[in-house]
Amino acid sequence: MSEFIHRYLGIDAATQIKLLSTLILFLILSFIYRIIAKYIIGRLDDVKQKYQWRKIALYLNAFIGFLLLLRIWFGTVQGLTTYLGLLSAGVAIAFKDPLVNLGGWIFIVIRKPFRLGDRIQINNVIGDVVDIRIFQFSVMEVGNWVDAEQSTGRIVHIPNSVVFTTPQANYTAGFEYIWDEIPVLVTFESNWKKAKKILEDILDKHTEHFSEAAEKQIKEAAKKYLIYYSKLTPIVYVSVKDSGVMLTLRYLTRTRQRRATENVIWQAILDQFALHDDIDFAYPTQRFYNNLLEGKPGTKPGDQPGE
């Protein structure tokens, strides 16, 4: 049989043995991977763990196969070392970007700046990590043309090399709550103290259950990161703007529930303000101020201090 192949196909006996060994190696590795995937990884309950272990098993299987193929085709370690030495310079130049992406993947796997399911921001892209591969990772985009960081339905693929050159913001690593603020502008004529008390009551009603859970998460995250907040309860800040008094609601909310929480709070604000005639929303307007009629005592022309 060997002579027949050599005569009609021009493949010598040594090469035939290498080809047969390569085929057998491929079948054995495929069989081993299927066994591991079905009977070991398949028994895991956590979907994320299944995904991660399948990836690890696949890459490890491919790496071992690559090493064994080199051993089959190039024989001794000395021959392999010589071949790799001649090849390394060209590979480093021709595959610069893929190699950097491979290094980024190793960094992501070991250092874990983000994991599957985390919401991250890199440059102008915000999304939930849905896939991590050797050369790129993918996120389900949120925000962009959609308000309040809702999903756009697009999957954005990002090369792993960006982890070395671009800052990454992780919304959920260790602490799955974020601070959110709602600005509410009322007129100068409004009873802003009453409005502030109404807003505080609304925050207490709709956000008080976040603080206790958030405090526990901060204590856990503080074991890994230097995270410290002195105040976790919601608060209303007061400031003055051109068109009125600004009342800013600041509160904690879960990362993926920001829009829903804001929706509930705004509905409560609209309902409560509608019940009070001495509270009005402010907006850019033009008015004329008559100091003689509206000015405080002591500020009108001709008045003396203390009159």
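Which residues touch the most other members of the largest nonpolar core? The views below take up this question and others on a predicted model.

**View 1. Confidence varies along the predicted chain.** The mean pLDDT of the protein is 78. Of its residues, 74% reach 70 or more. Among the elements, helix 1 (residues 2–9) has the lowest mean pLDDT, at 56. Strand 7 (residues 235–241) has the highest, at 92. Where pLDDT is low, the predicted coordinates should not be read in detail.

**View 2. The largest nonpolar core holds 18 residues.** Val 184, Leu 199, Leu 249, Ile 265, Ile 269 and Phe 273 touch the most other members. Strand 6 (177–186), helix 7 (192–221), strand 8 (244–254) and helix 8 (258–273) each give two or more residues to this core. Helix 7 supplies the largest share, five residues.

**View 3. Val 184 has contacts beyond its sequence neighbours.** Leaving aside residues up to four places away in sequence, Val 184 touches Leu 199, Val 245, Met 246, Leu 247, Leu 249, Trp 266, Ile 269, Phe 273 and Phe 281. A second core of 15 residues is separate; Tyr 59, Phe 137, Val 156 and Val 163 are among its members.

**View 4. Three strands build an open, antiparallel sheet.** The strand order is 6-8-7. Strand 6 and strand 7 stand at the edges with a single partner strand each, so one side of each has no neighbour in the sheet. From one strand to the next, the twist averages 25°.

**View 5. Strand 7 meets strand 8 through seven bridges.** The two strands run antiparallel. Lys 241 stands opposite Gly 244 in strand 8. Helix 8 packs on the sheet, where helix 8 touches strand 6 and strand 8. The directions of helix 8 and strand 6 make an angle of about 25°.

Methods:
Residues numbered from 1 in each chain as written. Predicted model: local features only at pLDDT ≥ 70, side-chain atom pairs only at ≥ 80, totals over all residues. Heavy atoms only, no water. Core = buried A, V, L, I, M, F, W, Y, C linked by side-chain atoms within 4.5 Å. Buried < 20%, exposed > 50% of the residue type's maximum accessible area, 1.4 Å probe, protein only. Helix = DSSP H or I, 4+ residues; strand = E, 2+ residues; numbered from the N terminus. Contact = heavy atoms within 4.5 Å. pLDDT = per-residue confidence, 0-100. Pairing = 2+ DSSP bridges. Axes fitted to C-alpha atoms, helices over the stretch in contact; angles between N-to-C directions.
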